[in-house]
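Thanks for asking me to look this over. Could you open the model alongside this note and follow the points in order?

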Amino acid sequence: VHMSKISAFLLAGLVLPAMLSAAPPGKPDIVVMTQNQYLGADLTPIVAASTPEEYNLAVLDAMFQITANNTPERVHALAETILERKPHLVGLQEMFRFDCVETGTMPGACTLFGGALNDHLQLTLDALGSKYYVAGIVNDLTIPDLDFSVPGLPVFLDDDAIPEVFIQVLDRDVILARSDVSAVAVPYPCEAFGLHTSEDGCNFNEIAEADALGETIKIQRGFVGVDATVNGEDYRIVNTHLEVRYPAPLQDAPLIQAAQASELIAVQSLFPPPPGTKLMIVGDINSDPLDPVFETSFFWMAYPPYKQLEMGRSIWGDPISLPYTDIWPLRPGKPPGLTCCQAADLSNMGSNHYERIDVIFTLPQPARVKANVLDNKPEDKTPSGLWPSDHSSMVGRLFY
């Protein structure tokens, strides 16, 4: 794991603008939400499959699980949460789109997966009506991509060696802005920092990879930011979804995740918002406040993403930023605020949440906050009895 270009920039000096000094209390407030909408299945068995038979069964199971988890119904429930809370800006993760391409060997084969073939972003926008618009978007996992020579994940429905369909997958992180909010995507110079431009955002340099029938799947992740004016005040909101911590068999996942966090934080320091602008990082960082500093295969100690943000440090503990403030501990009463995760089939009775990985970090620290974890009570379930997502939504009202 390395970050040569970013490290070289940081060695030249810490870029931390004066605009991040604390503002006096009493300023207008901003409401921000983060929401991981959940693709609808656990993809780990696909990544972990060691034989063609295991792989094929894993893909079939995932598509049928996505169908059973009723994406349109869940997306509607999550959109209702947005409409009820009326956040100015929303960071959305796992905004998947699934498509199916038939090879012609079995006409109509794609209809087997019809319930899974949805565009989660379009469903969300349809449910929100004209109340919100897409202010920024970054494409993450894309199958096929430039390193995938077939048109998607091959699926075999009979005993011959020819797949009947290819499943195409697109994952995105998105920032929505309320219709009365002026917001524009941040023009990050991704390549200048050794990253990769993707739509309005950047893909991380450090990523996990997996094998699928001899093809390499790059599990791309990234971030996107928007500059917005709310109640006369300027804000930069950055939305991200970091690698999961322990997705067997990706043994280096904690290290990859931590490296992604360093890339994210460093870019915000090297390409800061304009003077007077408040900066927030929101999203699913897949790192809990209790995650410890851990030893790597290099025998160096590495800082997990949460601690990096909290301390303004890199993966190796070097200062690269002012410390960010996690708004949740500022909430009166100090409830645990657990946000993940429900069962993969979303059918568990009570909430299974055991960690807090969906976060709103801010720089500078607000004078006070109101924050809530949403979609985590049995009464929040959809009409068919499903949790809206395996994650809770989190909303924060920040007063500077």
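Below are my numbered points, starting with the overall picture and then moving to individual residues.

1. A reminder before anything else: this is a predicted model. The protein is built from seven helices and 20 strands. Its C-alpha trace covers about 70 × 50 × 35 Å along the principal axes.

2. How does the radius of gyration fit a compact globule? For 400 residues, such a globule would be near 21 Å, and the protein has 21 Å, so the two agree. Buried residues account for 56% of the 400. Of the contacts with a separation of 6 or more, 75% are between residues 24 or more positions apart.

3. On the surface, the protein exposes about 15700 Å², with carbon and sulfur atoms supplying 57% of that area. As for charge, there are 24 positive and 50 negative charges, and the mean positions of the two sets are 15 Å apart.

4. Please take a look at Asp-29, which sits in strand S1, residues 29-36. Is Asp-29 buried or exposed? Its relative accessibility is 16%, and because the cut-off for buried is under 20%, Asp-29 counts as buried. The side chain of Asp-29 makes a polar contact of 2.4 Å with the side chain of Arg-397. Arg-397 falls within the residue range of strand S20, 393-399. Setting aside neighbours within four places in sequence, the residues in contact with Asp-29 include Leu-398 and Phe-399 as well as Arg-397. His-88, Val-230, Asn-231 and Tyr-235 are also among the contacts of Asp-29.

5. Next comes Gln-257, a residue of helix H6, which runs over residues 253-270. With a relative accessibility of 0%, Gln-257 counts as buried. What does the side chain of Gln-257 reach at 2.8 Å? The partner is the backbone oxygen of Asn-286. Beyond neighbours within four places in sequence, Gln-257 also contacts Leu-242, Glu-243, Val-244 and Arg-245, along with Ile-285, Ser-287 and Pro-305.

6. That leads naturally to Asn-286, found in the loop between strand S14 (278-284) and strand S15 (294-295). Asn-286 is buried, at 11% relative accessibility. While its backbone oxygen is reached by Gln-257, a polar atom of the Asn-286 side chain lies 2.7 Å from the backbone oxygen of Leu-242. Leaving out residues up to four places away in sequence, Asn-286 touches His-241, Leu-242, Glu-243, Val-244 and Arg-245, and further Gln-257, Asp-291 and Ile-357. Leu-242, Glu-243, Val-244 and Arg-245 thus appear in the contacts of Gln-257 and in those of Asn-286. Between Asn-286 and Pro-305, 19 residues apart along the chain, the C-alpha separation is 8.0 Å.

7. Some backbone geometry deserves your eye. Most residues other than glycine have a negative phi, and most peptide bonds are trans. Asn-286 is not a glycine, yet its phi is positive, near 50 degrees. Asp-375, also not a glycine, has a positive phi of about 60 degrees. Where is Asp-375 found? Asp-375 belongs to the loop between S19 and strand S20. Asp-375 is buried too, with a relative accessible area of 6%.

8. There are also two cis peptide bonds to inspect. One joins Ile-143 and Pro-144, with omega about 5 degrees. Pro-144 is in the loop between strand S4 (132-143) and strand S5 (153-155). The other joins Leu-363 and Pro-364, where omega is again about 5 degrees. Pro-364 is placed in the loop between strand S18 (358-363) and strand S19 (368-374).

9. Finally, consider Gly-385, which is in the loop between S19 and S20, as is Asp-375. Whereas Asp-375 is buried, Gly-385 is partly exposed, with a relative accessible area of 31%. How far apart in space are Gly-385 and Phe-113? Their C-alpha atoms are 21 Å apart, and the two residues are 272 residues apart in sequence.

Notes: Residues numbered from 1 in each chain as written. Predicted model: local features only at pLDDT ≥ 70, side-chain atom pairs only at ≥ 80, totals over all residues. Heavy atoms only, no water. Helix = DSSP H or I, 4+ residues; strand = E, 2+ residues; numbered from the N terminus. Rg over C-alpha atoms; globule rule 2.2 N^0.38 Å. Buried < 20%, exposed > 50% of the residue type's maximum accessible area, 1.4 Å probe, protein only. Contact = heavy atoms within 4.5 Å. Areas by Shrake-Rupley, 256 points an atom, 1.4 Å probe, with all protein chains shown as cover. Lys, Arg positive; Asp, Glu negative; His and termini not counted. Charge placed at Lys NZ, Arg CZ, Asp CG, Glu CD. Polar contact = N/O pair within 3.5 Å; in protein donor to acceptor, adjacent residues only side chain to side chain.
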